[in-house]
Amino acid sequence: MDQRQALAAFSALSQETRLHIIRMLVVSGPDGMAAGAIAEKAEVSPSNVSFHLKELERSGLIAQQRESRSIIYTANYETLGGLIRFLMEDCCGGNPEICAPAAAVAACCRPATKEELQ
């Protein structure tokens, strides 16, 4: 992740409703949530949630897929992990034990290697 991408992600996350939405989608896992369920749980109107979802998608933090008549939104774990790795890139002045907990979080969000998939 480069600085421009990180700034776009932080910009999207700097709004209360969008931060709430991304946290809901992280919890929902790979199954994601339909836009209507997101609006209901976030207690915002469908048009309002649509605006926020578009901003999160533009920043690369979420993805969408059509399932029948619904659009299902999921967190983009690769981008979220990239954001954490971007923050921790030059961590701790050579003391990796300080950053170990954050590094573990970032590692869980990275794409799987070929060896791990086999």
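**Close-up 1. Glu55 and Arg58 share helix H4.** In this predicted model, the two residues sit 3 residues apart, about one turn of the helix. Their side chains meet in a salt bridge, with 2.6 Å from N to O. Side chains of opposite charge can pair when their charged atoms come close. If you're hunting for others, the structure holds just 1 salt bridge.

**Close-up 2. How open are the two partners, Glu55 and Arg58?** Arg58 counts as exposed, because its relative accessibility is 57% and the cut-off for exposed is over 50%. Glu55 comes in at a relative accessible area of 22%, so it is partly exposed.

**Close-up 3. Helix H2 crosses helix H4.** Here, look at residues 16–28 (H2) and residues 46–58 (H4), whose axes come within 10 Å and cross at roughly 75 degrees. Angles of 65 to 115 degrees count as roughly perpendicular, so that is the word for H2 against H4. On the H2 side, the contact is made by Thr17, Arg18, Ile21 and Ile22. H4 brings Val49, Phe51, His52, Leu53, Glu55 and Leu56. Sort the residues of this contact by type and you get 6 nonpolar, 2 polar and 2 charged. Glu55 turns up again here, having already appeared in the salt bridge with Arg58.

**Close-up 4. Strands S2 and S3 form a hairpin.** S2 covers residues 62–67 and S3 covers residues 70–75; they run antiparallel, and 6 bridges join them. To trace one pairing, start at Ile62 and go across to Ala75, its bridge partner in S3. Between the strands there are 2 residues, and Ser68 takes a positive phi near 60 degrees in this hairpin.

Conventions
Residues are numbered from 1 along each chain as its sequence is written. This is a predicted model: local features need pLDDT of at least 70, side-chain atom pairs count only at pLDDT 80 or more; totals for chains, interfaces and linings use all residues. Side-chain values use heavy atoms; hydrogens and water are left out. Axes are lines fitted to C-alpha atoms, for helices over the stretch in contact, and angles run from 0 to 180 degrees between N-to-C directions. Helices (H or I, at least four residues) and strands (E, at least two) are DSSP runs, numbered from the N terminus. Angles under 35 degrees count as roughly parallel, over 145 as roughly antiparallel, 65 to 115 as roughly perpendicular and the rest as oblique. Contact means heavy atoms within 4.5 Å. Ala, Val, Leu, Ile, Met, Phe, Trp, Tyr, Cys and Pro count as nonpolar, Asp, Glu, Lys and Arg as charged, and the others, Gly among them, as polar. Two strands pair if DSSP finds at least two bridges between them. A salt bridge is a side-chain nitrogen of Lys or Arg within 4 Å of a carboxyl oxygen of Asp or Glu. Buried means under 20% relative accessible area, exposed over 50%, partly exposed in between (1.4 Å probe, protein chains only).
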